[in-house]
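Here are a few short exercises to work through with the model open beside you. Try each task before reading its solution.

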Amino acid sequence: MAVRLCDVASLLRSGSWAPEPWTGQVIATMETQMSNGPTCNNTSNGPSTMSNNCSSPVESGSIEDSKTNLIVNYLPQNMTQEELKSLFGSIGEIESCKLVRDKITGTSWYSRTDELAGQSLGYGFVNYVDPKDAEKAINTLNGLRLQTKTIKVSYARPSSASIRDANLYVSGLPKTMTQKELEQLFSQYGRIITSRILVDQVTGVSRGVGFIRFDRRVEAEEAIKGLNCQKPPGATEPITVKFANNPSQKTSQALLSQLYQSPNRRYPGPLAQQAQRFRLDNLLNMAYGVKSRFSPMAIDGVTSLAGINIPGHAGTGWCIFVYNLAPDADESILWQMFGPFGAVTNVKVIRDFNTNKCKGFGFVTMTNYDEAAVAIASLNGYRLGDRVLQVSFKTNKTHKA
DNA sequence: TGGTATT
């Protein structure tokens with residue numbers, strides 16, 4: 001499997017690196033983000049853009065808009081608050097960090113086990129001490145691929161009831177209408193935060209259905225009044241515009257049945273296919289006599305492998321040794337390299353105490369054996385800048401835990 | 001009727 005690693009600087013700027021097998025997905029994802037361009041950028045430049053909609057831009061910009069508080073969207077379902085903190089903590093000191101979780105499952109009378117306690121809603125907030133670090137986090141981590149997701153990092157708008165429930169569901173769109181045209185149609189009613197057109201998974205053709213999230217609910221209301229049952233320019237049929245279903249208003253019944261359907265589900269996708277191809281479970285079984293129909297860690301946490309000396313297994317996941325990193329390597333490059341392969345819980349660049357430069361190696365902890373093994377198989381021997389990486393499970397011999 | 005966007 002070929003993996004192209006281009007130069008570190010451009011990786012850090014674009015945050016768009018991904019292993020080859022997922023190239024198609026990445027392009028599709030990035031296109032979405034790019035066609036979101038203007039609105040994404042506006043969001044990223046939150047304070048100044050927000051100001052443009054206010055009557056006294058300078059004052060409201062400086063008083064209301066935080067330059068340290070970020071919202072992070074499209075996080076992998078299984079990413080924890082600690083992992084979020086670890087990822088964003090690699091940029092700078094964090095004042096606070098919160099992964100937003102579902103309230104129904106989180107406070108349920110039903111069960112308080114980790115598996116059922118408050119499912120991640122896929123977004124969170126990171127508040128930095130220093131505004132410069134917040135800006136750096138946007139530049140470095142926005143667009144980062146983690147598992148099957150491409151995260152979005154932008155300034156959080158000041159929390160307010162007026163920005164809630166501002167998401168619209170639009171149907172009956174001409175199949176030829178692009179996301180840009182959809183935005184053009186709706187932008188007359190306010191500032192668009194996100195837009196999306198749903199496409200057929202196989203053909204890629206528009207399903208004529210989309211979403212528009214406005215900055216404020218009143219803007220969404222005006223758009224319904226103005227566009228519902230109207231024909232867009234050139235269209236033969238009128239469109240339907242209404243408030244989108246709010247996923248958080250799903251019944252607890254639906255949520256619980258969802259949990260039952262896939263209590264331990266990771267995002268398999270291409271990873272699972274890769275894993276199957278490599279027959280990694282069998283390899284593990286042959287090498288160590290360990291059954292890993294699921295990731296060993298997932299069976300009962302730390303104890304399932306207690307006392308079994310397996311390289312790379314550190315008790316909290318699978319520790320991977322990454323050798324031949326450049327002196328200026330930092331944690332974010334490790335997140336970018338390993339994140340697309342699966343659940344990464346921690347990354348660490350080992351630095352010289354005096355110079356603070358990377359000593360040439362680092363560690364990555366991944367939750368699932370299969371994903372770690374695919375990452376190693378893919379990244380070992382590949383060129384990062386002018387260096388060829390050596391990637392393996394951490395051995396006890398080389399470095400003590 | 002989303003790749004769960006305001007704690």
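**Exercise 1.** Sort the residues of the surface near DNA strand B into nonpolar, polar and charged.

*Solution.* Bear in mind that this is a predicted model. Start with the residues that have a heavy atom within 4 Å of the strand. There are 32 residues around DNA strand B, and Asn69, Tyr74, Thr150, Lys152 and Arg157 come nearest. Sorting the surface gives twelve nonpolar, eleven polar and nine charged residues. Now turn to the DNA side: sugar and phosphate make up 34% of the atoms of DNA strand B that come within 4 Å of the protein.

**Exercise 2.** Find which parts of DNA strand B are approached by polar side-chain atoms of Asn69, Asn167 and Arg207.

*Solution.* Take the residues in turn. Asn69 places a polar side-chain atom 2.3 Å from a base oxygen. For Asn167, the partner is a base oxygen at 3.3 Å. Arg207 instead has a polar side-chain atom 3.3 Å from a phosphate oxygen. Next, look at the elements: those giving two or more residues to this surface include helix 2 (23-35), strand 1 (69-73), strand 7 (167-171) and strand 9 (206-214). Strand 8 contributes the most, with four residues.

**Exercise 3.** Locate the largest nonpolar core and its best-connected residues.

*Solution.* The largest core holds 50 residues, and Phe88, Ile320, Leu334 and Phe338 have the most contacts inside it. Helix 16 (residues 369-379) supplies its largest share, seven residues. Then follow Ile320 outward: among the residues that it touches are Phe338, Phe363, Val364, Ile376 and Phe393. Finally, a separate core of 18 residues includes Met177, Leu182, Leu185 and Ile239.

Note on methods:
Residues numbered from 1 in each chain as written. Chains lettered and ligands numbered in written order. Predicted model: local features only at pLDDT ≥ 70, side-chain atom pairs only at ≥ 80, totals over all residues. Heavy atoms only, no water. Polar contact = N/O pair within 3.5 Å; in protein donor to acceptor, adjacent residues only side chain to side chain. Nonpolar A, V, L, I, M, F, W, Y, C, P; charged D, E, K, R; others polar. Core = buried A, V, L, I, M, F, W, Y, C linked by side-chain atoms within 4.5 Å. Buried < 20%, exposed > 50% of the residue type's maximum accessible area, 1.4 Å probe, protein only. Contact = heavy atoms within 4.5 Å. Lists of a residue's contacts leave out its neighbours within four places in sequence.
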